[in-house]
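Please open the model in your viewer and keep the sequence panel visible beside it. The tour proceeds by selection, one stop after another.

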Amino acid sequence: MSTSKTGYDLTPLTPDAVEKQAADLSPQERRILLDHGTEPPFCGNLLDNKEVGVYHCRLCDLPLFRSNDKFDSGTGWPSFFAPFDPDHIRYLDDHSLGMTRTEIRCPRCDSHLGHVFPDGPEPSGERYCLNSVAMRFEKQ
């Protein structure tokens, strides 16, 4: 078993467990989470969320980002400058669409979350750009 610094189990889910978790996903959610798609900008239900809490992976419930690390990037997608725990994000090179980007996925269920860019605010200078459907918000 692999455990994050904040004490969460990061053991990868089996393909059968992922499919079981994905059973109630809509076609759009499946396209984004499992097929690495992107939702259109300015339409996600978490874009304008200002409540205090934690954003979790929609598929496996791993905590991903805290509300106090969220900022308005003006891009049309929920944006954060730091993850809940660095171990809770997996980074992959993405060469699709004729450009090079860094894709971010959940390390436990391999769901596509979005991308990270080096143009965010201090203190990190990073902008984690997320699909709303990739997350679930838990109010504190």
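Which residue of β9 is the bridge partner of valine 54? Select valine 54 and look across to β9: the partner is glutamate 138. Please bear in mind throughout that this is a predicted model.

**The open sheet**

Now select the whole of strand β1, residues 53-57, together with β9; five bridges join these two strands, which run antiparallel. Add β2 to the selection, and an open sheet of three strands appears in the order β2-β1-β9, with antiparallel pairing. Strands β2 (63-66) and β9 (135-139) stand at the edges; each has a single partner strand, so one side of each is left without a neighbour in the sheet. From one strand to the next, the twist averages 30°.

**Two loops with positive phi**

Most residues other than glycine have a negative phi. With that in mind, select phenylalanine 42, in the loop between α2 (27-33) and β1. Phenylalanine 42 is not a glycine, yet its phi is positive, at about 65°. Its relative accessible area is 58%, and the cut-off for an exposed residue is over 50%; phenylalanine 42 is therefore exposed.

Next, move to aspartate 61, in the loop between β1 and β2. Aspartate 61 also has a positive phi, near 75°. Its relative accessible area is 34%, so aspartate 61 is classed as partly exposed.

**A buried lysine**

Select lysine 70, which belongs to strand β3 (residues 70-71). Which side chain of opposite charge is nearest to lysine 70? It is that of aspartate 48, 6.5 Å away; lysine 70 is buried and has no salt bridge. A polar atom of the lysine 70 side chain does, however, lie 2.9 Å from the backbone oxygen of asparagine 49. Display the surroundings as well: beyond its neighbours within four places in sequence, the contacts of lysine 70 include Leu46, Leu47, Tyr55, Pro78 and Phe80.

**Strand β8 and its partners**

Select strand β8, residues 127-130, and show its side chains. Are they buried or exposed? Arg127 and Cys129 on one side, and Tyr128 and Leu130 on the other, are all buried, and both faces of the strand are covered.

Strand β4 (residues 79-80) is joined to β8 by two bridges, and the two run antiparallel. Here serine 79 has cysteine 129 as its bridge partner in β8. Strand β7 (residues 112-117) also pairs with β8 in the antiparallel sense, over four bridges. To find one place in this pairing, select valine 116, whose bridge partner in β8 is tyrosine 128.

Then follow the loop between β7 and β8 to proline 123. Most peptide bonds are trans. The bond that joins glutamate 122 and proline 123, by contrast, is cis, with omega at about 15°.

**The hairpin of β5 and β6**

For the last stop, select strand β5 (residues 90-94) and strand β6 (residues 101-105), which run antiparallel and are joined by five bridges. Aspartate 93 has threonine 102 as its bridge partner in β6. This hairpin has six residues between its strands, and leucine 97 takes a positive phi near 60°.

In the loop between β5 and β6, select histidine 95. With a relative accessibility of 55%, histidine 95 counts as exposed. Which side chain does that of histidine 95 meet in a polar contact? The partner is the side chain of threonine 100, at 3.2 Å.

Technical notes: Residues numbered from 1 in each chain as written. Predicted model: local features only at pLDDT ≥ 70, side-chain atom pairs only at ≥ 80, totals over all residues. Heavy atoms only, no water. Buried < 20%, exposed > 50% of the residue type's maximum accessible area, 1.4 Å probe, protein only. Lys, Arg positive; Asp, Glu negative; His and termini not counted. Salt bridge = Lys/Arg side-chain N within 4 Å of Asp/Glu carboxyl O. Polar contact = N/O pair within 3.5 Å; in protein donor to acceptor, adjacent residues only side chain to side chain. Contact = heavy atoms within 4.5 Å. Pairing = 2+ DSSP bridges. Axes fitted to C-alpha atoms, helices over the stretch in contact; angles between N-to-C directions.
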